[in-house]
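Subject: A structure for you to look at

Hi there,

Here is the structure I promised to pass on to you. Please open it in your viewer and keep it beside you while you read the rest of this email.

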Amino acid sequence: MTQNAVEKTPVTLLGLGAMGTALARAWLAAGHPLTVWNRSPARAKALAVEGAEVADTATEAVAANTLVVVCLLDDASVAEALAGTDLAGKDLVNLTTSTPAQARARAEWARERGARYLDGGIMAVPPMVGVPEAGGYVFYSGSPELFERHQQTLGVPVGTTYVGEDAGFAALHDVALLSAMYGMFAGAAHAFALIRKEDIDPAALAPLLADWLVAMAPSVHQTADQLRSGDYTKGVVSNLAMQVAGTPTFLNTAAQQGVSPELLSPYFELMRRRLAEGSGEEDLTGVIDLLVH
């Protein structure tokens, strides 16, 4: 083993699903001493061949190193895996998908047990791990000192983006981005449904659709600027009144094509409600205020 490898931060990893295994292999490839544990021991066998130390219990794995990374199914799995373990003095990094409230509660839970805590939201799929050019990264929130201490190690599998001291912010950023993604998927699904019965090749529509979505994406910056300033009429090109007037065309086209409007109708209804409040000169930004209770 080289001197450089000896100096690499040792890591304990709990959870060897597809993501956990990808993380483990990235740390091993970079020369980090790695201790792993998984509820199903069989998943650890291949990693043992690659140089990982396999712990028989989560308690044993946690005891092995200061930096403990958890990548399990859900928050309940984290509680179960760490029950009875000695976390005093540990640097606990939780990459398990959770809600902001769960992350904040888990941070307090860790603090009460003498551990320092970072929460993470993984913005990548397993094939992107260990491939810098793939662009994957993890949102981190919690102790800024802990993030600074381990940023280099945490950045080995994928990039790192720190989003604040509030432990719930990583999960919140994660869900916010994924929610936007599903909204995009919903729009794309409706677009493909419209042509489904026609003599139009979906493969011909796909590049047009992709280019259009890319062209529309920068509009989020204007939305952010309007939210920050409170002026929803700032920079408006196509105002709310004009856009609401156009919605019947979309609904009628869907009906004529035999396509359910259920993916579009809720958004159109919010647009109509905002217009009814007398906000016709605004952009679509006011819809956001209708969503917030």
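Below is what was found in it, going from the sheet to the cores and then to the empty spaces. Please keep in mind that this is a predicted model.

**The sheet**

A good place to begin is the sheet, which is open and built from eight strands in the order 3-2-1-4-5-6-7-8, with mixed pairing. At its edges you will find strand 3 (53-54) and strand 8 (159-162), each of which pairs on one side only.

Two of the pairings are worth tracing on your screen. Strand 1 and strand 2 are parallel and share four bridges; here Val11 has Leu34 in strand 2 as its bridge partner. Strand 4 and strand 5 also run parallel, again joined by four bridges, and Val68 sits opposite Leu92 of strand 5.

Now look along strand 5 (residues 91-94). In a regular strand, side chains alternate between the two faces of the sheet. You can follow this here: Asp91 and Val93 point one way, Leu92 and Asn94 point the other way, and all are buried.

**The nonpolar cores**

The largest nonpolar core contains 30 residues, and Leu13, Leu34 and Leu95 have the most contacts inside it. Several strands give two or more residues to this core, including strand 1 (11-14), strand 2 (34-37) and strand 4 (67-70). Helix 2 has the largest share, with seven residues.

What does Leu95 touch, if we leave out residues up to four places away in sequence? Its partners are Leu23, Val69, Val70, Cys71, Gly120, Ile122, Val138 and Tyr140.

Another core, of 20 residues, lies apart from the largest one; Ala55, Val68, Val78 and Ala107 are among its members.

**A closer look at Ala44**

Ala44 belongs to the loop between strand 2 and helix 3 (45-49). Is Ala44 buried or exposed? Its relative accessibility is 3%, so Ala44 counts as buried, since the cut-off for buried is under 20%. Beyond its neighbours within four places in sequence, Ala44 is in contact with Leu16, Val36 and Val54. You could also find Thr21, which is 23 residues from Ala44 in sequence, with 8.5 Å between their C-alpha atoms.

**The empty spaces**

Rolling a probe the size of a water molecule over the atoms shows where empty space is left.

The largest pocket has a volume of about 2200 Å³. Its lining is made up of 48 residues, and Leu213, Met216, Ser219, Tyr267 and Leu284 lie nearest the centre. Among the elements giving two or more residues to this lining are helix 9 (202-216), helix 10 (219-229) and helix 12 (265-276). Helix 8 supplies the largest share, 13 residues. Sorted by class, the lining of this pocket has 33 nonpolar residues, 14 polar ones and one charged.

How many cavities of 30 Å³ or more does a search of the whole structure find? The search finds one, with a volume of about 40 Å³. Residues lining this cavity include Leu95, Asp119, Ile122, Ala171 and Asp174. Strand 6 (116-123) and helix 8 each give two or more residues to the lining, and strand 6 gives the most, with four. The cavity lining divides into three nonpolar, five polar and two charged residues.

Enjoy exploring, and write back with any questions!

Best wishes

Notes:
Residues numbered from 1 in each chain as written. Predicted model: local features only at pLDDT ≥ 70, side-chain atom pairs only at ≥ 80, totals over all residues. Heavy atoms only, no water. 1 Å grid on protein atoms, 1.4 Å probe; cavity = no way out; pocket = protein on both sides within 12 Å on 5 of 7 lines; lining within 4 Å. Points joined across faces, edges and corners; volume = space filled by probe spheres on them. Nonpolar A, V, L, I, M, F, W, Y, C, P; charged D, E, K, R; others polar. Core = buried A, V, L, I, M, F, W, Y, C linked by side-chain atoms within 4.5 Å. Buried < 20%, exposed > 50% of the residue type's maximum accessible area, 1.4 Å probe, protein only. Contact = heavy atoms within 4.5 Å. Pairing = 2+ DSSP bridges.
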